[in-house]
Amino acid sequence: KVLYLPNPGELTEGQTAAVTQFTNGGGRVITANTNIDTLKASAPLSLQSYDGKVHLVSYDDPSKRRILLTLNNDFSTLSNPPQATNVTVKVNMNKNILKAYDLLSGEAVNFTVTTSAGGNTQLLDIGSIDLAKFIVVEYE
């Protein structure tokens, strides 16, 4: 199990105790190395297709030319939700994706680019999600 904390310095005492309990139970915590205030919500992203219930939140860090995608499976159940499959994220931006990869495993994420008069449409093939995936997209 993995917990992503974009800004752990803002946790309450109770939240900090819960995170400690989580890690003592074998959970892994990932934190952003950038203060959340410097990240901008990434408006040009949307879920293109998926089988299951998937939630997408993304943050753009223009100074490092990367976007962090957090994809979470079905929030209605916290244990063993059905696997979400065929997950694709649509990225509309006038920047070219250089690479995309899974933050935990380092595995590359495949993407395709379609160019039109309105700019580039890029599709990220996320595949399947058990509980959550964290995808880093680097762009030029």
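This is a short talk through the fold, the cores and a few individual residues of the model shown above.

Let me begin with the caveat that this is a predicted model, so please take everything I say about confidence alongside everything I say about geometry. The mean pLDDT of the protein chain is 79, with 80% of its residues at 70 or more. That confidence varies from element to element: strand 3, residues 40–41, has the lowest mean pLDDT, at 48, whereas strand 8 has the highest, at 92. Over residues 34–41 the pLDDT stays under 50, and for that stretch the model has 18 contacts beyond four places in sequence.

Turning to the overall layout, the protein chain has one helix and eleven strands, and read from the N terminus the order is β-α-β-β-β-β-β-β-β-β-β-β. The chain has 140 residues, of which 33% are buried, and its accessible surface comes to about 8,200 Å², with 49% of that surface belonging to carbon and sulfur atoms. If we consider contacts with a separation of 6 or more, 66% of them are between residues 24 or more positions apart.

Now to the pairing of the strands. Strand 11 runs antiparallel to strand 6, and seven bridges join the two; strand 11 also runs antiparallel to strand 8, in that case with five bridges. To put residues to these pairings, Ile67 stands opposite Val137 in strand 11, while the bridge partner of Ile97, again in strand 11, is Tyr139.

With the strands in place, we can look at the interior. As background, nonpolar side chains in soluble globular proteins tend to be buried together. In this model the largest nonpolar core has 19 residues, and the members that touch the most others are Leu69, Leu71, Val89, Leu124, Ile126 and Val137. At least two residues of this core come from each of strand 6, strand 7, strand 8, strand 10 and strand 11, and strand 7 gives the most, with four residues. There is also a second, separate core of six residues, which includes Tyr4, Leu68, Tyr101 and Val136.

What does Val137 contact once its neighbours within four places in sequence are left aside? Val137 is in contact with Arg65, Arg66, Ile67, Leu69, Ile97, Lys99, Ala100 and Leu124, and among these Ile67 is the residue that faces it across the pairing of strands 6 and 11.

Next, a polar residue in strand 10, namely Gln122. Is Gln122 buried or exposed? Gln122 counts as buried, because its relative accessibility is 1%, and the cut-off for that class is under 20%. Its side chain reaches the backbone nitrogen of Ile97 at 3.0 Å. Beyond residues up to four places away in sequence, Gln122 touches Val89, Lys90, Val91, Met93, Lys95, Asn96, Ile97, Thr112 and Val113.

One residue in that list, Asn96, deserves its own remark, since it lies in the loop between strand 7 and strand 8. Asn96 counts as partly exposed because its relative accessible area is 34%, which falls between the 20% and 50% limits. Asn96 and Glu140 are 44 residues apart along the chain, yet their C-alpha atoms are separated by 5.7 Å, and a polar contact of 2.7 Å joins their side chains.

Pro8, for its part, is placed in the loop between strand 1, residues 2–5, and helix 1, residues 13–24. Its relative accessibility is 34%, and therefore Pro8 also counts as partly exposed. In sequence Pro8 and Ile30 are 22 residues apart, and their C-alpha atoms are 9.6 Å apart in space.

Finally, a word on backbone angles. Most residues other than glycine have a negative phi. Which residues here, though not glycine, have a positive phi of about 55° or near 55°? One of them is Arg65, with a phi of about 55°, and Arg65 lies in the loop between strand 5, residues 54–61, and strand 6, residues 66–73. Another is Asn86, whose phi is near 55°, and Asn86 is placed within strand 7, residues 84–92. Arg65, as you will recall, is also among the contacts of Val137.

Technical notes:
Residues numbered from 1 in each chain as written. Heavy atoms only, no water. Buried < 20%, exposed > 50% of the residue type's maximum accessible area, 1.4 Å probe, protein only. Core = buried A, V, L, I, M, F, W, Y, C linked by side-chain atoms within 4.5 Å. Contact = heavy atoms within 4.5 Å. pLDDT = per-residue confidence, 0-100. Areas by Shrake-Rupley, 256 points an atom, 1.4 Å probe, with all protein chains shown as cover. Polar contact = N/O pair within 3.5 Å; in protein donor to acceptor, adjacent residues only side chain to side chain. Pairing = 2+ DSSP bridges.
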